[in-house]
Amino acid sequence: MALPLPTSPCWQKLANGGLATLRTDNIATQMLSKRMERSSAPVSQKAAEIHEYYAKWERSLAHEIAQFS
Amino acid sequence: MKSPSSAEFQPHQTNGLLCIADAAALIRSGLPLSVAGPESAMDALPAGNWIGGTTPYFMTADGGRVVTHGQVFVTDLSAIGSVRIARYGADALADISGNGPDRGFSLAVIPAGSVCHERFANEAADYPEAFLRPTVGWIAGVDLADRTATAKVYDGTGPTKLTDGAVVAHITQDDDALLSIEIVNPFTPGTGDVLRFEETGFAPTHCVIDGIRTNFAAYLVEHGMADGALPLVGDFAGAHINVSIKSVDLGAQSVTLYAPVFPGVDYRFAAPLADYAGTFREKLADHPLEGAVWSCNCILNFLFGALEGKAIGGVAGPVTFGEIAYQLLNQTMVLVRQN
């Protein structure tokens, strides 16, 4: 599955708690998920950060990206 | 590395204990190195493209080792990528990830008990690029038998010895290299109370259990946790992140931890291990080690697991006073693999 565009609603969904529901044992994703949960930043900012994370590590996080749909 | 525990004197394979003369020869050859060792041995190394820190404790293929003089543990970083050495003060620690390579990671060493140690521990998880330009590394320590010793780190380009500061090897990997930063934690959360904390810090006075604010020192004593053998295990979206107990003073009602606790995280004390070394050995046997290029393990695992002389598998590396994988960890092995 290709990485969704930055404008995809999936990023907002992930920023609103969806990240924590992904099945993963990747420690970076798990820590990022906790960081998002604890953060008071606007959802749009969190969504952009999550997109940037998956864009950077797309090759090694394919199994997580496949869960976005 | 062909031999993850090798001490062979060959470029691209070195990851083990060397005598000072052999380590110095590697440095003079121009290789970028990560070095760990007792202070007297570290002080004897020449200037070069290396970073390092003090510890006399190591895991090797033959088991845990204590080395108080004459040898250092050397990891050849050229097997991972190209290296740029840097040094950061307490107010610039976010730049470790900020200045990290586009492809690769930053290997940092910070002295235990320093301002940088505390600041990094409290803040690293919130650095803007923490998960885009990852940091791994370790907290330098001391020989626990020497009550006067203090931890040091080394910027080998001087070389310069520091009691505070972070020395960093920014490592750029090849385009096709796939980086994997992993942890091996022998502990799982127990079935006891869920503890929460109101503030970030190494010295919480209270925890919150079922909504009730509770004196933390008294709780630890009452529940038999004051000896520090079992860490708190934080639930970071499923990742088990340990925080170890350093000391408890019931009279002063104070507790000191080896890493900070954070608000918004559920903590439980770890389930006891019937066989500490055996559990670690089993976890490592189940963990893929292909492409392992760097590792460290915790002094508390070394001590409570009585690992001196015991081989547990895994990858050789320094035994440390805190481990770094994106943020500060305790009682955990950190492993970097490149495939």
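Let's start in chain B of this predicted model, at a single pair of residues: Val136(B) has Ala325(B) of β24(B) as its bridge partner. That pair belongs to a wider match between two strands, since β9 (residues 135-140) and β24 (residues 323-325) of chain B run antiparallel and are joined by 3 bridges.

Step back, and β9 and β24 turn out to be members of an open sheet of 6 strands in chain B, ordered β7-β12-β8-β9-β24-β25, with mixed pairing. The edges are held by β7 (82-88) and β25 (327-329) of chain B; each has a single partner strand, so one side of each has no neighbour in the sheet. From one strand to the next, the twist averages 20 degrees. Across this sheet you will also find helix α4 (residues 115-123) of chain B, which lies over β8 (104-111), β9, β12 (166-172) and β25 of chain B and runs at about 135 degrees to β8(B).

Now move to another strand of chain B, β2 (residues 33-37). Is β2(B) mostly covered or mostly open? Mostly covered: 5 of its 5 residues are buried. As a general point, side chains in a regular strand alternate between the two faces of the sheet. In β2(B), both faces are covered, with Leu33(B), Val35(B) and Gly37(B) buried on one side and Ser34(B) and Ala36(B) buried on the other. The strand also has pairing partners. With β3 (residues 50-54) of chain B, β2(B) pairs in the parallel sense over 5 bridges, and there Ala36(B) has Gly53(B) as its bridge partner. With β6 (residues 71-76) of chain B, the run is antiparallel and there are 4 bridges; Ser34(B) stands opposite Thr75(B) in β6(B).

A loop residue is worth a visit too. Pro204(B) sits in the loop between β14 (195-196) and β15 (206-209) of chain B. Why does Pro204(B) count as buried? Because it has 20 C-beta neighbours inside 10 Å. Leaving aside residues up to four places away in sequence, Pro204(B) touches Phe197(B), Glu199(B), Phe216(B), Val255(B) and Val261(B). Its C-alpha atom is separated by 8.9 Å from that of Ala217(B), 13 residues apart along the chain.

Finally, look at where the two chains meet. The contact takes 16 residues from chain A and 19 residues from chain B. On the chain A side, α2 (27-38) and α3 (43-56) each supply at least two residues, and the largest share, 10 residues, comes from α2(A). By type, the chain A side divides into 6 nonpolar, 3 polar and 7 charged residues.

Conventions
Residues numbered from 1 in each chain as written. Chains lettered and ligands numbered in written order. Predicted model: local features only at pLDDT ≥ 70, side-chain atom pairs only at ≥ 80, totals over all residues. Buried ≥ 20, exposed ≤ 12 C-beta atoms within 10 Å, placed from the backbone. Pairing = 2+ DSSP bridges. Contact = placed C-beta atoms within 7 Å. Nonpolar A, V, L, I, M, F, W, Y, C, P; charged D, E, K, R; others polar. Axes fitted to C-alpha atoms, helices over the stretch in contact; angles between N-to-C directions.
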